[in-house]
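Colleague: Before we discuss this chain, could you put the model on the screen? I would like to go through it by question and answer.

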Amino acid sequence: MQVRDHVYVTAAGPPARVYGVHTKSGSRQWEFKVQPSSATLADLAGPLEDIRGRGTVFMAVNQPASNSSFVQGLGISSGKVTWQSAALNSTQLAELELRVQHNVVLATNAAADCIIAFDAHNGTQLWNRSG
């Protein structure tokens, strides 16, 4: 995923990581280590930028040991967590999709029988459709 002069590179893990890399120099700007260290990265989506040029990328994180998952927002310039959703118990996520026009992050589970919508600005779960 590329935003302006940076690219975001992932390592699914465990341990899962996301790197912010400058495209011209190849220098690593930041590294984010997903916690807990046993978690895996299912997908990355975004970015969503505000009028000040601050942006967020979104990650779907699975915790196989507890059969749960969550979605996090990361600041694109810092790699710091801007928000984290509540835990999704008995769910392993597979894909994320950003719907910019609605400021919504959509997550689908690995079984492809559930879609969960999150507010892209704060991670609040908006709805969950199963079946």
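Modeller: E12 and E13 pair in the antiparallel sense over 5 bridges, where strands are DSSP runs (E, at least two residues) numbered from the N terminus and two strands pair if DSSP finds at least two bridges between them. This is a predicted model, in which local features need pLDDT of at least 70 and side-chain atom pairs count only at pLDDT 80 or more, while totals for chains, interfaces and linings use all residues. Residues are numbered from 1 along each chain as its sequence is written, and side-chain values use heavy atoms, with hydrogens and water left out.

Colleague: Which residue in E13 stands opposite Phe 118?

Modeller: The pairing of E12 with E13 is antiparallel, and E12 covers residues 114-119, whereas E13 covers 125-130. The residue in E13 that stands opposite Phe 118 is Gln 125.

Colleague: Which strands are at the edges of the open sheet that contains this pair?

Modeller: The open sheet has 4 strands in the order E10-E11-E12-E13, with antiparallel pairing, and its twist averages 15° from one strand to the next (axes are lines fitted to C-alpha atoms, and angles run from 0 to 180 degrees between N-to-C directions). Each edge strand pairs on one side only, and these strands are E10 and E13.

Colleague: How many helices and strands does the secondary structure of the chain come to?

Modeller: Read along the sequence, the chain follows a pattern made up of β elements, where a helix would be a DSSP run (H or I) of at least four residues. The secondary structure comes to 0 helices and 13 strands.

Colleague: Why is the chain described as being as compact as a globular protein of that length?

Modeller: The globule rule is 2.2 Å times the number of residues to the power 0.38, and the radius of gyration is taken over C-alpha atoms. For 131 residues the rule gives 14 Å, and the chain is close to that value, so it is as compact as a globular protein of that length, with a radius of gyration of 14 Å.

Colleague: Which residues have the most contacts inside the largest nonpolar core?

Modeller: A nonpolar core is a set of buried Ala, Val, Leu, Ile, Met, Phe, Trp, Tyr and Cys residues joined through side-chain atoms within 4.5 Å, where buried means under 20% relative accessible area, exposed over 50%, and partly exposed in between (1.4 Å probe, protein chains only). The largest such core has 16 residues, and E5, E6, E10, E11 and E12 each supply at least two of them. A second, separate core of 15 residues includes Val 18, Trp 30, Ala 39 and Ile 76. In the largest core, the residues with the most contacts inside it are Phe 58, Leu 96, Val 105 and Phe 118.

Colleague: Is Leu 93 buried or exposed?

Modeller: Leu 93 has its place in strand E10, and its contacts (heavy atoms within 4.5 Å) include Ala 42, Phe 70 and Thr 108, leaving aside neighbours within four places in sequence. The C-alpha atoms of Leu 93 and Ser 68, 25 residues apart along the chain, are separated by 8.6 Å. At 3% relative accessibility, Leu 93 counts as buried.

Colleague: Which residue in the turn of the hairpin formed by E3 and E4 has a positive phi?

Modeller: E3 (residues 17-22) and E4 (residues 28-33) pair in the antiparallel sense over 5 bridges, and Arg 17 stands opposite Lys 33 in E4. The hairpin has 5 residues between its strands, and the turn residue with a positive phi, of about 80°, is Gly 26.

Colleague: What is the relative accessible area of Ala 112?

Modeller: Most residues other than glycine have a negative phi, and most peptide bonds are trans. Ala 112, in the loop between E11 and E12, has a positive phi near 60°. Asn 67, in the loop between E6 and E7, has a positive phi of about 50° and is partly exposed at 37%. Ala 112 is exposed, with a relative accessible area of 66%.

Colleague: Which residue does a cis peptide bond join to Gly 13?

Modeller: The peptide bond from Gln 35 to Pro 36 is cis, with omega near 0°, and Pro 36 lies in the loop between E4 and E5. In the loop between E2 and E3, a cis peptide bond with omega of about 5° joins Gly 13 to Pro 14.
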